[in-house]
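Visitor: I would like to learn how to read a single residue in its surroundings. Where should we begin?

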Amino acid sequence: MKLLAYNIDDLKKLDSCLEQFRFECPEQVSAILCMVITSLNEPREIAAMTARIKEVLPDVQVCGNTTSCEIDNARVHHHSHEICFYVFESSAVELCFYDGHKEDLAAAASAVVEKVKADEPAAMGMIITMKSLNGAADILRNLRHLPPDVPMFGGAADAYADKIDNVKTTPTHVFTDQGCTDYGFFVMLFYGEDLHLHIDSYLGWRALGNEVTVTELESDISVLKVNDVTVADFYKKYIGVAPGPNFFTSIMPFPLMLNRGGHDIARIPIGYGETGSVLFTSSINAGEAVRLAYGDPMEILNQSHQAQLKLQQFGPEGILLIPCCVRQMYLKDDFQLELTPFGDIAPTVGFASYGEIQRFDDCEEPQLLNGAMLIVAFREGGREPVRAGNKWLDQSEHIFKDDRITLVSGLAHFVSVTTGLEEENRKLEESLTRQKLQLQKIRELNKLLKEQQEHLEKAKEKAEAANQAKTTFLFNMSHDIRTPLNAIIGFTELEERHPEAVDVNREYRKKVKLASHQLLDILNNVLEMARIESKQIVIEEELTNAREFFDSWVSVFEGEMRKKNLSFKTSYEIEHPYLYFDRTHVMELLMNILSNSVKYTANDGEIFAGVRELPGAKPGECIVETTVRDNGIGMSEEFQTQIFEQFSRERNSSQSGIQGTGLGMAIVKRIVEMMNGTISIKSKLGEGTEIIICLPHHIGEEPEGQEVPENPETEFNFAGKRILLVEDNDLNAEIAEELLAACGVKVERACDGVECVNMVTKARAGYYDLILMDIQMPNMNGYKATQKIRRLDDPDKAKIMILAMTANAFKEDQQDAINAGMDGHIAKPIDIHKMFQTIKQALSQKI
């Protein structure tokens, strides 16, 4: 290809220019593109010029645009016309013109994309009227769908303004031989396998200061605020220029710089609004980070030098430069220093633009640049790299003609150096800040470690105290358990030595029975505490006659009180006779505190037990306050702070002569809390103790049609009944067999669940009247045995009465037995009367 360019200062010279081109044009031509860069800004004059070119050269395709600076042979011209002929030897060119007064330009951009996809050109160029399109964001956004392998460049038409402040309002035009418009664009599509384009750009502006964020827009090109400060105030603060007559010329060298896809892009300010907004040549997005930038003349030349080195390797046959109009406005006569070296590489033409368009390799959407120099180099076929002379390679030899530029260059160098120092200071400050933060974190970690160490030490002390308490507990338990065991063993041996002493042996047996109950109480307390800690206790309320309940409570201790000759007074002030509460656990805690009063009050002492009803916190509720007061041995103030701790005892049984585990009050405290109640203690050593328990209860109604319970029989006769006893322990089995046989029961025994199921299966239906089932047995436990029996094919066998007879004696164990399919529960150690009463009730239900 060949680039032939002619600059004329008068259209009267147009014909001679065209004749000269006809003379210089090569004979072998595939296509000619005539690009007119003109200072004309009147559509009629432009149309006349275009028509004249087509008349003289009908095979030439004509396009062009207005500008504010023409470049011919890498030299700056003003108020002239640059007639550029791109003569191709094997390539082709197609022009597409779009007038926004007649069609939708965004849709036109989409149509261009479809055409490029279909025709697959080698490259695409675009010249647009940027001012009238307010940044043309929609057009460029639609062009993001262009095939990535098609290079794309462009520029925005500019125009001469009568004064600087009218730059943004003076209209611009683009045109082809198809028409002319001040609101549109034209596209150049280049075709040819031998056609090569080199597209490059550089800026030359340096970032200054820290990043700020765009926080509010008025439009795509009008920014109101950065960091919530108006942009006008931002420029006033950092540049020292307030909106006024010289605002544009003063801030023009200080654009905002943003980064898109790793590329620095400038936004040139061109005006301001009454709200404090600043108008820019093209779009800025809300939320984008921007920095203030400044023009460094030497940096511009240095970057120009780097771009020229790339061109030297490409070896172009023609160069089109599209510099931003701000560059020549800023550098003025020294703008020529930037242009001259390009002319030494290849014929160079160009125009000052209102915006430069480039699609970077790593960006889908074409970017509108500002303040930049865009370079478009053409070549057909291969060519050796250009060897340029040293006269343009050494940019350090440049001497600026304008003293102002020399001063600016020096200041820019000073700023770059001090900025570097400031950057180092900033990094140092950031490092110091990080070190302070790390030091603070270390202090916080040390504080946390210290706190954790204190917690660990406290936990250690607590664990050691708990271990000591358990050691003391085990020591006391050993003594407390051995005491009743010693009585049981001792009196049993005495009975064996004197079998003939009937009356004496009867007393021995009473004492053995008493010691057995003491041992059972000790074990029950230990087990109860374990169940509380494992959260196995369930509070189940049932309707209860309050008077009968509390009478049965105090009546238990009447015998012991008479033996010790204690004065016992009671008080009963309950308004509602029927209340809902957990009978078992309420009785357990009340028995515990009254038992303590009886145990720790000396002979001839006094005990008071009273209950009274108080208003509840909610409708339908009341609070029952139970008070137990005595003039017994009392407690020290120190022990009162520990009384609710497990294994806590002020003195052991060997010192006080009173049996206990140190678990009773701990159990009481936990049960009271589970019932949402309160407990308080007042005591003085040697004077006595007062304990008050307050528990909330739901108020109930007296049940209708209550049957008066019959008096329990003292004799039980089960003659003719056959019971299957399922028990793995021989001693327990022997005791049960003897007791049952005494009442006329025929007893058969199974040693585990498997044997039990086999015996029931083999026997005829109704052979056994009832099964007494142990729970914990080898081979098969009582629960599984019951479930297998309930699933027998014979319904009469499957519904046999089954009673659990087990050492699993708590309420939850009773419920587990019912859930497994049993009909009742008898606890071990066996209470003979309760066992016979339960058997009687079960047999009476059998029809």
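Guide: Begin with the neighbours that are remote in sequence. The model is predicted. Leaving aside its neighbours within four places in sequence, Glu625 is in contact with Gly610, Val611, Arg612 and Leu614, and also with Ile692, Ile693 and Cys694.

Visitor: In which strand is the place of Glu625?

Guide: Glu625 lies in strand β31, which covers residues 621–630.

Visitor: Is Glu625 buried or exposed?

Guide: A residue counts as buried under 20% relative accessible area. Glu625 has 13%, so it is buried.

Visitor: Which side chain does the side chain of Glu625 join in a polar contact?

Guide: That of Arg612, through a polar contact of 2.6 Å. Arg612 is also among the residues listed earlier as contacts of Glu625.

Visitor: How is burial read for a whole element, and why is helix α10 largely enclosed by the rest of the structure?

Guide: One counts its buried residues. Helix α10 spans residues 335–343, and seven of its nine residues are buried, so the rest of the structure largely encloses it.

Visitor: Which residues of α10 are buried?

Guide: They are Phe335, Gln336, Leu337, Glu338, Leu339, Pro341 and Phe342.

Visitor: What share of the residues of the protein count as buried?

Guide: Of 847 residues, 47% do. The protein exposes about 43,000 Å², with 49% of that supplied by carbon and sulfur atoms.

Visitor: How many helices and strands does the protein have?

Guide: There are 25 helices and 38 strands. Among contacts with a separation of 6 or more, 77% are between residues 24 or more positions apart.

Methods. Residues are numbered from 1 along each chain as its sequence is written. This is a predicted model: local features need pLDDT of at least 70, side-chain atom pairs count only at pLDDT 80 or more; totals for chains, interfaces and linings use all residues. Side-chain values use heavy atoms; hydrogens and water are left out. Helices (H or I, at least four residues) and strands (E, at least two) are DSSP runs, numbered from the N terminus. Buried means under 20% relative accessible area, exposed over 50%, partly exposed in between (1.4 Å probe, protein chains only). A polar contact is a pair of N or O atoms within 3.5 Å; within protein, one must be able to donate a hydrogen and the other to accept it, and residues adjacent in sequence count only if both atoms are side-chain atoms. Contact means heavy atoms within 4.5 Å. Accessible areas come from the Shrake-Rupley method with a 1.4 Å probe; for residues, only the protein chains shown count as cover.
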